[in-house]
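Me: I have a structure here that I would like to understand better, and I would be glad of a close look at one part of it. Please take me through that part slowly, then show me some other places worth a visit.

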Amino acid sequence: MRMYDIIEKKRDNRELSKAEIDYFISEYSKDNIPDYQASALLMAIYFNGLTESELLNFTFAMRDSSKKIDLSSLKIPGKYIVDKHSTGGVGDKVTLIVLPIVAALGVGVCKMSGKGLGFTGGTADKLESIEGYRIDIPIKDALKQVQDIGICLMSQSDEIAIADKKLYALRDTTATVECMDLIASSIMSKKLASGADKILLDVTVGSGAFMKDLDSARALAQSMIKIGKVAGVETKVVITSMSEPLGRNVGNALEMKEVISFLLADEETIMSDEFRDLREVVLEIAAQMISMSGICTDMEQNKKDIIRVIISGEAYIKFIELIKAQGGKTEKVYLDWLEKDLDLPVTKDKVTFLKEIHAQSSGYIVSIDSKSIGEALVCLGGGRKKKGDPIDYAVGFEFNKKVGDKVEEGDVILTVLYNDKQNFEEAFEYIENAIYIDNIEDKLGNALRLKPHVLDILGADE
Ligand code: URA
């Protein structure tokens, strides 16, 4: 078999056979196919898509490209092990909040997370903003950790779905990320190789997501649900909005601090405006995971339990157990507002410069373009321009205002934290056009503020 023929066939929009797909995935995984040929094939797929049978063959070949995790020997309270994955976004720190919460409620979680892709952030990078956190742990250690403390959050290693690991990094630098079939196969291959009984997917939609409109998000959701069905793994999808950055912080260490604030919040703070969008998404995803695990299918009860384990500190304790188990450094800090000493993760958060961005006019914030904010973060050094680039974990943005907030001219909308003036100049070109303020009626402003962030739920029991 020749790689040249496979590229030519896909370029001409002819269907690839299972043998051709298996050849490509297996030889590329073993470094026997150069990146330039793999890139050409990815671009042909980007333009022509995959047929249904090609998509299934592509996904299963990637799933089988290295070992699969066997979680069957684990003894945990939940009947089913549920995995979670997001198609990515800007400010998306949901995994870091949801996993300790559901683990505190008895759902066993063993999750592989990826690095930032394109303009979207990656949970693996956010975890590495903690001094010492080892994202790259062997599977046998991961399994022991899940058995001991009920939770593990690691990176994709060569041991699992290596084809996706390699293709994911290649796509990131060859403008082939935003392709529905490549996203579906990438996500489902590694989720299926991870061995969970059930999968919950967060498909994001909006400017800061790979799916720009609801129809495409639903199509991607259906495609992944179908792959799950053929593989015999129940798959459910929550579609969430990524039209503005999620939460109030964008940037690796800053997002980690927001996660910590969320998990340490009291009931009043959790229910406050500060967390309005993040709370909605976290509650839905966590409640769905608890339901799928077989622990409790009453979603309202699950949401009450989620708030309970946050307020009681159980979710935070689980989070700290996770950080410590994977080598993350913590220090004891006295928190005035909680009137006690607490273990806090030590983050790589050293920044030299702060710059406030002010409202140019009065009115309501009508939109904050999350893709521009994601691109601006890459300019600051908080994401990668090319494969393997180092990351500046400390840089990013703190938002004082969100979509639907009323502002007066001169109010601070966001603060930029950065370490390099040239990088800031580049980032500023994105930031200055990202925020749109208009003098709309109060009732329209309020409607924008109250717009739901959970847009649809598909799968399993439809
Ligand atoms: N997340 C993934 O794991 N893969 C993609 O291709 C996109 C988002």
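How many of the 13 residues of H11 are buried?

Reply: Happy to help! Please keep in mind that this is a predicted model. In H11, 11 of the 13 residues are buried, so the helix is mostly covered, with buried meaning under 20% relative accessible area. Helix H11 takes in residues 252–264. From its first C-alpha to its last it reaches 19 Å, close to the 18 Å expected at 1.5 Å a residue.

Let us go along the helix by name. The buried residues begin with Asn252, Ala253, Leu254, Glu255 and Met256. Glu258, Val259 and Ile260 are buried too, and Phe262, Leu263 and Leu264 complete the list. You will notice that Glu255 and Glu258 are among the buried residues of H11.

Another helix to set beside this one is H3, which covers residues 35–48 and has 14 residues. Helix H3 reaches 20 Å from its first C-alpha to its last, close to the 20 Å expected at 1.5 Å a residue. Its buried residues are Gln37, Ala38, Ser39, Leu41, Leu42, Ala44 and Ile45. These pack against helix H1 (3–11), helix H2 (18–29) and helix H4 (52–63), and also against helix H8 (162–173) and helix H9 (180–193). Just after H3 comes Gly49, with a positive phi of about 70°.

Helix H4, one of those partners of H3, holds Thr59. Thr59 counts as buried because its relative accessibility is 0%. A polar atom of the Thr59 side chain lies 2.7 Å from the backbone oxygen of Leu55. Leaving aside residues up to four places away in sequence, Thr59 touches Ser185, Met188, Ser189 and Ile227.

Now to the ligand. The residues around the ligand are His85, Thr87, Leu117, Tyr168, Arg171, Ile183, Ser186, Ile187, Lys190 and Phe210. Three of these side chains deserve a closer look. For His85, an N or O atom of the side chain is 3.0 Å from an oxygen atom of the ligand. For Arg171, the corresponding distance from a side-chain N or O atom to a ligand oxygen is 2.8 Å. For Lys190, a polar side-chain atom lies 2.6 Å from an oxygen atom of the ligand. Taken alone, the ligand exposes 240 Å², and the protein buries 98% of that.

You may also wonder about the cysteines. A search of the whole structure finds zero disulfides. Take Cys110: its closest cysteine sulfur is that of Cys152, at 4.8 Å, so the two are too far apart for a bond. The cut-off for a disulfide is a pair of cysteine sulfur atoms within 2.5 Å. Seen from the other side, Cys152 is in no disulfide, and its nearest cysteine sulfur is that of Cys110. Cys110 counts as buried because its relative accessibility is 6%, and Cys152 counts as buried at 0%.

One last stop is Gln301, which sits in helix H14 (residues 299–311). With 31% relative accessibility, Gln301 counts as partly exposed. Between the C-alpha atoms of Gln301 and Leu96 there are 22 Å, and the two residues are 205 residues apart along the chain.

Notes: Residues are numbered from 1 along each chain as its sequence is written. This is a predicted model: local features need pLDDT of at least 70, side-chain atom pairs count only at pLDDT 80 or more; totals for chains, interfaces and linings use all residues. Side-chain values use heavy atoms; hydrogens and water are left out. Helices (H or I, at least four residues) and strands (E, at least two) are DSSP runs, numbered from the N terminus. The expected span of a helix is 1.5 Å times one less than its number of residues. Buried means under 20% relative accessible area, exposed over 50%, partly exposed in between (1.4 Å probe, protein chains only). Contact means heavy atoms within 4.5 Å. A residue is near a molecule or strand if one of its heavy atoms lies within 4 Å of it. A polar contact is a pair of N or O atoms within 3.5 Å; within protein, one must be able to donate a hydrogen and the other to accept it, and residues adjacent in sequence count only if both atoms are side-chain atoms. Accessible areas come from the Shrake-Rupley method with a 1.4 Å probe; for residues, only the protein chains shown count as cover.
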